[in-house]
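Below are some notes on the model, set out as numbered points. Please read them with the structure open.

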Amino acid sequence: MALSLAALVPSVDHVRRSFFSYGIFVFVLALWRYATSDVFDPYKCGSLLATGEWLDNVPGTKGPSNWQPPGCIFHKYNAKEAGLCLRDQHVLFAGDSTVRQLFWQTVKTLDPSVSETAEKHSDIRFVKDGLNVEFLWDPYLNSTVLPRLSTCGKVKDELPNAYVVLGGGLWFARYLGDNGVNLWKENIDRVIESVRACPEYYHLPFLLPVTVPQWEKLDVSRSATILHDEIKYMNDYLKWASQQSNVIVPSAMNAMMTKSAAASDDSGIHATQTVAKAKADVLLNMRCNQQVMKATGYPMDKTCCYQYPGPNFTQWIILLVTLIAMPTLYIKSSGMLSTPRIWSEGASGNALVTAGFIFATTLTYSYIADRTSLFNKASKQFFSSEFTVLTLAAAVVGLLTIRRSDSEQGFMGRDQSNEWKGWMQVMILIYHITGASKILPIYKLIRVMVAAYLFMTGYGHTTYFYKKKDFSLKRVANVLVRLNLLSCALAYIMDTDYLFYYFAPLSSFWFLVVYFTMKFQAQHNEDVKFLCSKITISAIGMYFVVSVEGMLDAVWFILQRLFFVTWDLREWRFRVILDIWIVYVGMLGAILAIKIQEYKFLSHPSWPTVRLGALAGAVVVLFLYHILMPMWDSKQDYNAFHPYISVFPIVGFLFLRNATHTLRNVYSTAFAWVGTCSLETFTLQFHIWMAADTHGMLEVISSRHRVLNLLITTPLFLYISSVTADATGKLTTVLINGMKRPAPKPAPQPPTAVLLPVTETGVNDDKNSLLQVSSMQAEDEQQAASGDLISIGSGSPRVATVPESDGTRASLLDSTPHTQPDVAQRDLEKGDAFVTAAPQPDENAHIISFAAKVAAHPVVEGAWLQMGDMKTRLFALLFLMWAINVGCAFERA
């Protein structure tokens, strides 16, 4: 029965091939959607103007505000961004009261302090700090509008036109009777002709659709004159006219009114403030997204009507290596063309090439997903039901995969630590994908989880340094490279910032703090008082270094001047201060756990009482923390207290999780698996699960199927995170430990020697013959190991004449050189080196020959010898990063 069940479990190779095929399926699915629906609108300008849906159109609320065009992220502009786009330009609005409402919303976006105090039926002008926005009251579009348009901006001191917004139609329907529609059509034709006569000046003319009112809200006088058929005819004519001219008709503004019963005010004609703001943002998204993104860079959260820039020099290098060099090496080394074991490292034994290929593929996939138009992007919207369902689903998976550990687990053992990191990472992922950051109770919970990660950082590294006493550069380099390899590479390929992926920088920073704290006078670490004293001094000193102005500022100045990095010091200071004490609590906790074991407190008669008291205290602390949480009703208030109170739920949970022997030795394998790649899931979620640098959701198919998109992208995201974690570990090992040179081509085995008949000799002659054979055998083995052909004279095989007695035949037959053990496979299993195996299988003989020729080249050999030192490799890596930073700085300049 066990054997039959085991046969149903897929092998590692089968799982890898399945996910490789699944990744190709997702990519093809995105290509199919792009080819069928987006190829004629790749930048989503048409989608922005045509239609959309309200993500927060929930009955009983005050009204919608989160508008979602198909396939792109709709950006809500603020004063800084709008001013950057419109400064030193002129924006003209002209028409009826619906146009006037857009004018006021645009002005309030530029300056939120402005109030609507002007006369309704009058011209209005807003001028401030280079901003110039004007409204002309002309509901029939036949008085002041036409003369103004005909000037084409040739009036004295006229600024360049950013865009012009024209609109009207309801007044024709209400006040001009049956002939109103014909008069409207004639005036619209004149307006369009005036705009078409000045294409250089009015390069972005908007002609608003006639507002479709919410009929049930109209009063009697309006409902009697404003008719459905007339409004429909006007809007159909505008669509036709826009196809015949360069005038833009944003039909999405009518969709905003018709797709929510709460979109209009009591009049049924004018929009609510939030909907009017969305209407104004349609124009700003159309006009400003490209310009603002070019000026500000990431996060690329304005994807409507936005053309992603082409790759820069650094990105081209990485993409070419990924798309050409790494696949070529991988195909050659894996024997893909001659063996079906595509994903099996055993097919070639070259784990380094496989790891490099996976790592490079991850970078390329991130770039394609979040820096091109191939995948759609959509805005987030929080729903409590969605957050609850995802949380419960994750909990069910975790509970169903609980099992006992294979080995005895002590306090906070490895299985438990991985599980802890795993379920916290799952909660952070759910928090991000559902847009729950605005929900204060959930925000507080996630802040505690991030603090728990840093607690484990202090606990784990302190335990290592105390027990191993390994303060070598190799240890420091190994940890830092492992933590930062992916985030640094993504910063270059995505043109973002190292601190943008804030968890890796935080972990690295606190690792260095723990390292230098433990290394200082490390010979006295056995003294508990001395150790606790220096940890306390380190904590106080670090608080002043981070919080006092000037110290970090000097470091940031040096980094900017010498290394050309522009990091956000304010954001970094906030991140560090937010969890300033929890790492030191982890350090003290590690010392306490070690001393409890050293002094054998667990066998003390009073230990059961102490244990029971600790558990009771943990329950009380968690209960009090839950009671006190509502005290802080804003993020700012909570953040001020978080560094001092986060320790209580963390320590309370830790005591309860290790309360009994059974609890310590059971864990969830699903959460533990996520925990083994938690760093990668946290980093890669920015680009291949979410989108727009975490501001949106990545979509493979239509935006209408948000849940289905999530189901498609999540398995691939988790698997990529897992294999990337493994690849990063292997690349780190190669970078730190180095890589052995390819072994020379093994010599062919000589033919079996032919024994010739010999004459009888004395005992001494037999001994001499045996010594001679033994010497010849040793010489042959030595030459075989060096790769030389064993031969005599012109190439005939060496033949010995020996007596067949005393087992000498067996000795002679065993003189064939033995094959060297597969060092590469042994080292691969140990996980501490990656080498080229010697000998290779016959199918890879051409690779050995090619590698030997390359390795024998004087330039390659010299570089190899130079790179044999770890310090040299690390210096070369840092120099490469510095050179890229310099190049990027000059390119931006």
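1. The model is predicted. A good place to begin is the cover over helix α24: its buried residues are covered by elements that include α17 (440–468), α25 (635–645) and α26 (647–657). The residues under that cover are Leu615, Ala618 and Tyr625. Viewed down the axis of α24, these buried residues fall within an arc of 95 degrees, so they line one face of the helix. The face turned away from the buried side carries Thr609, Leu612 and Phe623, which are exposed.

2. The length of α24 can be checked as well. The helix has 22 residues (607–628), and at 1.5 Å a residue the expected span is 32 Å. Its end C-alpha atoms are 31 Å apart, which agrees with that figure.

3. For the chain as a whole, the secondary structure comes to 36 helices and 12 strands. Of its 893 residues, 49% count as buried. Among contacts between residues at least 6 apart in sequence, 77% join residues at least 24 apart. The chain exposes about 43,600 Å², and carbon and sulfur atoms supply 64% of that area.

4. A nonpolar patch on the surface deserves a look. Phe557, Ile558, Leu562, Phe563, Phe875, Phe879 and Trp882 form it, with about 740 Å² of accessible area together. Two elements give two or more residues to the patch, namely α21 (551–563) and α36 (870–892). Helix α21 gives the most, with 4 residues. One patch member, Leu562, is found in α21; its relative accessibility is 52%, and because the cut-off for exposed is over 50%, Leu562 counts as exposed.

5. His90 is a contrasting case. This residue is found in strand β3, which covers residues 89–95. Is His90 buried or exposed? At 2% relative accessibility, His90 counts as buried. Leaving aside residues up to four places away in sequence, His90 touches Arg125, Asn132, Glu134, Arg148, Glu158, Leu159, Pro160, Asn161, Ala162, Tyr163 and Tyr201. When inspecting this site, the run from Glu158 to Tyr163 can be found among those contacts.

6. Next, the charged pairs. Side chains of opposite charge can pair when their charged atoms come close. The count for this model comes to 23 salt bridges. One of the pairs sits inside a single helix: the side chains of Glu193 and Arg196 meet with an N to O distance of 3.8 Å. Both residues lie in α8 (residues 180–196), 3 residues apart, or about one turn of the helix. In an α-helix, residues three or four places apart point the same way, because there are 3.6 residues a turn. Arg196 has 41% relative accessibility and counts as partly exposed.

7. Another salt bridge joins two loops. The closest N and O atoms of Glu526 and Lys469 are 3.3 Å apart. Glu526 lies in the loop between α19 (503–519) and α20 (528–547), and Lys469 in the loop between α17 and α18 (473–493), so the pair ties together parts that are 57 residues apart in sequence. Glu526, at 41% relative accessibility, counts as partly exposed.

8. The salt bridge between Arg573 and Glu549 has its closest N and O atoms 3.9 Å apart. The cut-off is 4 Å, so the pair falls within it. Arg573 is in helix α22 (residues 569–578) and Glu549 in the loop between α20 and α21; the two residues are 24 apart, and the pair links distant parts of the chain. Which of the two counts as buried? Arg573 does, at 11% relative accessibility, whereas Glu549 counts as exposed at 58%.

9. The surroundings of Arg573 add to this picture. Not counting residues up to four places away in sequence, Arg573 touches Val546, Ser547, Val548, Glu549, Leu552 and Asp553. Its salt-bridge partner Glu549 is therefore among the residues in contact with Arg573. The C-alpha atoms of Arg573 and Ser547 are separated by 7.3 Å, although these residues are 26 apart along the chain.

10. Last, one group of charges goes beyond a single pair. Arg33, Asp38 and Lys44 are linked in a network of salt bridges.

Note on methods: Residues numbered from 1 in each chain as written. Predicted model: local features only at pLDDT ≥ 70, side-chain atom pairs only at ≥ 80, totals over all residues. Heavy atoms only, no water. Patch = residues over 30% accessible without salt bridge, like charges linked within 9 Å, V, L, I, M, F, W, Y side chains within 5 Å. Areas by Shrake-Rupley, 256 points an atom, 1.4 Å probe, with all protein chains shown as cover. Buried < 20%, exposed > 50% of the residue type's maximum accessible area, 1.4 Å probe, protein only. Contact = heavy atoms within 4.5 Å. Expected span 1.5 Å × (residues − 1). Arc of directions from axis to C-beta.
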